[in-house]
Amino acid sequence: LHCARSQVRPENGFDPAAARVLSFLNDKAGRHYRAVKTNLGFIAARLAEGHTEQQLKAIVTRKVAKWQGDPKMDEYLRPATLFNRPNCEQYRGELP
């Protein structure tokens with residue numbers, strides 16, 4: 001089954017990498033998060049702290065593999081959970 005890659009366009013002022021990470025999350029988790037301040041702010045803040053786009057995408061990949069389909073955890077595949085400061089640091093530490 002071929003999935004069309006969703007394209008999100010960021011609000012003015014956000015790093016385009018933040019929008020790419022959000023698009024990646026949407027594609028991998030089957031979500032439809034919009035590129036608005038509420039969602040992009042978490043990602044942009046982590047990028048500004050030195051996390052790379054690739055690291056954030058790796059976190060998405062790891063958590064989707066672990067949580068998707070789990071009735072208790074699936075709802076947490078969202079920007080506010082994955083990319084808030086304490087969680088993101090913890091999830092980055094879990095990367096190989």
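**Reading burial, salt bridges and the core**

Colleague: What does Glu94 count as at 24% relative accessibility?

Modeller: Glu94 counts as partly exposed, because its 24% lies between buried (under 20% relative accessible area) and exposed (over 50%), with a 1.4 Å probe and protein chains only. This is a predicted model in which local features need pLDDT of at least 70 and side-chain atom pairs count only at pLDDT 80 or more, while totals for chains, interfaces and linings use all residues. Residues are numbered from 1 along each chain as its sequence is written, and side-chain values use heavy atoms, leaving out hydrogens and water.

Colleague: Which residue forms a salt bridge with Glu94?

Modeller: Side chains of opposite charge can pair when their charged atoms come close. Here the partner of Glu94 is Lys63, with the closest N and O atoms 2.7 Å apart; a salt bridge needs a side-chain nitrogen of Lys or Arg within 4 Å of a carboxyl oxygen of Asp or Glu. Glu94 is in helix α5 and Lys63 in helix α3 (helices are DSSP runs of H or I, at least four residues, numbered from the N terminus), so the pair ties together parts 31 residues apart in sequence. Lys63, at 3% relative accessibility, counts as buried.

Colleague: Which residues are joined into one network by salt bridges that share partners?

Modeller: They are Arg20, Glu53 and Lys57. Arg20 and Glu53 meet at 2.8 Å, N to O, linking helix α1 to helix α3 across 33 residues, whereas Lys57 and Glu53 meet at 3.0 Å and both lie in helix α3, four residues apart, about one turn of the helix.

Note on methods. Helix = DSSP H or I, 4+ residues; strand = E, 2+ residues; numbered from the N terminus.
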